[in-house]
Amino acid sequence: MEEKATTAEPKEKKTHDKQEVVIEIKHLKKSFGNKDVLKDINLVVHRGENVVVLGKSGQGKSVTIQCIVGMLTPDDGTLKVFGEEVPGLKEKELKELRIKIGFLFQSGALYDSMTVRENLEFPLTRVLKIKDQAEIDKRVEEVLEGVGLADAIDKMPSDLSGGMRKRAGLARTLIIKPEIMLYDEPTTGLDPITSREISELILNMQKKYKTTSIIITHDMECARITADRVVVMNDGEYIEEGSFDGLQKSKNKIVQSFFKDIS
Ligand SMILES: Nc1ncnc2c1ncn2[C@@H]1O[C@H](COP(=O)(O)OP(=O)(O)OP(=O)(O)O)[C@@H](O)[C@H]1O
């Protein structure tokens with residue numbers, strides 16, 4: 001039986017395998033001109049874990065993600081994904097790595113001129129090179145059902161609400177069954193109820209697809225729902241990490257500032 005996508009199950013905090021490291025970042029540095037954006041980033045992410053990165057705007061959260069997928073080259077430090085040093089990968093190896101990594105950007109990244117079905121077929125035919133139409137149909141229908149959008153299969157993105165577009169964008173990313181998911185502000189621009197639905201969907205997708213995720217967000221409700229672990233980024237470094245509840249009790253003023261509106 002498929003899980004119903006919009007209903008979050010009670011959260012099991014320690015489902016991930018503590019032994020297997022999927023992403024390992026040590027002393028990562030990245031500057032643009034004389035602006036030091038990443039000064040000393042250290043992060044280990046285990047298989048099946050949801051790690052939330054909190055940080056104010058312009059702290060370099062997106063730059064970190066772009067380094068992980070090899071879109072930006074760090075100036076110093078080590079950055080390993082599945083045990084391989086990303087900055088040292090050749091173009092072909094990077095392509096293979098990126099097939100294992102899904103992104104969900106703020107925009108949701110749907111093609112406006114294609115139906116939902118066509119948007120979902122695109123990564124299957126272009127990235128995975130699947131030719132069998134029956135297999136394509138099966139995967140499209142299955143993933144849409146998973147995100148609660150089965151009825152929207154033949155709709156255009158312009159006919160969808162913001163929340164539905166986000167779901168469709170998530171389906172488009174999940175359809176190639178990535179091992180790692182990188183979410184950049186997944187709930188930005190959505191109303192609180194829809195934000196909560198998307199956060200619960202992220203949690204359910206982690207369970208269903210056993211993905212390892214980094215979730216960048218300012219949305220504390222999203223962090224609370226999705227995080228196995230939270231790291232707080234400030235001035236180019238991760239200054240504190242722990243469970244959501246643990247960080248809520250932090251003595252650090254910067255960490256406290258994120259939790260000030262949480263009751
Ligand atoms: N390719 C680039 N070239 C020059 N500067 C860049 C580049 N990418 C990012 N920056 C700068 O690095 C800093 C961090 O940007 P980044 O987008 O990672 O911030 P962020 O923490 O994700 O913020 P936000 O929450 O607003 O998205 C910003 O000052 C940005 O202008």
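**Entry 1: helix packing**

I started with a pair of helices in this predicted model: α5 passes α6 in a right-handed crossing. I then pulled the axes for that pair, and α5 and α6 (residues 192–209) pack at an angle of about 15 degrees with their axes 10 Å apart. Angles under 35 degrees count as roughly parallel, so I wrote down α5 and α6 as roughly parallel to each other.

Next I went to α3 against α5 (residues 162–174), where the axes come within 8 Å and cross at roughly 25 degrees. That makes α3 roughly parallel to α5. I checked the hand too, and α3 passes α5 in a right-handed crossing.

Then I looked at α3 with α4. Their axes come within 10 Å and cross at roughly 120 degrees. Roughly perpendicular covers 65 to 115 degrees and roughly antiparallel needs over 145, so α3 and α4 are oblique to each other. I noted a right-handed crossing for α3 passing α4.

**Entry 2: the loop after α3**

Which residue in the loop between α3 and α4 did I stop at? I stopped at lysine 129, which is found in that loop, with α3 covering 116–127 and α4 covering 133–146. Lysine 129 has a positive phi of about 55 degrees although it is not a glycine. I also asked myself whether lysine 129 is buried or exposed. I count lysine 129 as exposed, because it has 7 other C-beta atoms within 10 Å and the cut-off for exposed is 12 or fewer.

**Entry 3: strand β1**

I moved on to β1, residues 21–32, and picked out histidine 27 there. Histidine 27 is not a glycine, yet I read a positive phi of about 50 degrees for it. I logged histidine 27 as partly exposed because it has 14 C-beta neighbours inside 10 Å.

Leucine 28 is also placed in strand β1. With 26 C-beta neighbours inside 10 Å, I list leucine 28 as buried, since 20 or more is the cut-off for that. A reminder to myself: in a regular strand the side chains alternate between the two faces of the sheet.

I also took one long-range distance from here. Leucine 28 and isoleucine 193 are 36 Å apart in space, C-alpha to C-alpha, and 165 residues apart in sequence.

**Entry 4: β1, β4 and β5**

What does β1 pair with over five bridges? I found strand β4 (residues 76–81), paired with β1 in the antiparallel sense. In this pairing I noted lysine 26, whose bridge partner in β4 is threonine 78.

I then checked aspartate 76, which lies in strand β4. Aspartate 76 has 12 other C-beta atoms within 10 Å, so I mark it as exposed. From its C-alpha atom I went across to that of serine 31: the two are separated by 9.8 Å, while the residues are 45 apart along the chain.

On to β5 (residues 84–85), which is joined to β4 by two bridges, the strands running antiparallel. Lysine 80 stands opposite glutamate 85 in β5. I looked at the turn as well: the hairpin of β4 and β5 has two residues between the strands, and phenylalanine 82 takes a positive phi near 50 degrees in it.

**Entry 5: the β9 and β10 hairpin**

I followed up with another hairpin. Strand β9 (residues 229–234) runs antiparallel to strand β10 (residues 237–242), and five bridges join them. As a bridge pair I noted methionine 233 with tyrosine 238 in β10. Two residues sit between β9 and β10, and aspartate 235 in the turn has a positive phi of about 50 degrees.

**Entry 6: around the ligand**

Last, I pulled the shell. Which residues surround the ligand? I got Phe32, Val37, Gly55, Ser57, Gly58, Gln59, Gly60, Lys61, Ser62 and Val63. By class I sorted the shell into three nonpolar, six polar and one charged residues. I also asked which element gives the largest share of the shell. My note says helix α1 (residues 61–68), with three residues.

Key. Residues numbered from 1 in each chain as written. Predicted model: local features only at pLDDT ≥ 70, side-chain atom pairs only at ≥ 80, totals over all residues. Helix = DSSP H or I, 4+ residues; strand = E, 2+ residues; numbered from the N terminus. Near = placed C-beta within 6 Å. Nonpolar A, V, L, I, M, F, W, Y, C, P; charged D, E, K, R; others polar. Pairing = 2+ DSSP bridges. Axes fitted to C-alpha atoms, helices over the stretch in contact; angles between N-to-C directions. Left-handed = near helix turned anticlockwise from the far one by under 90°.
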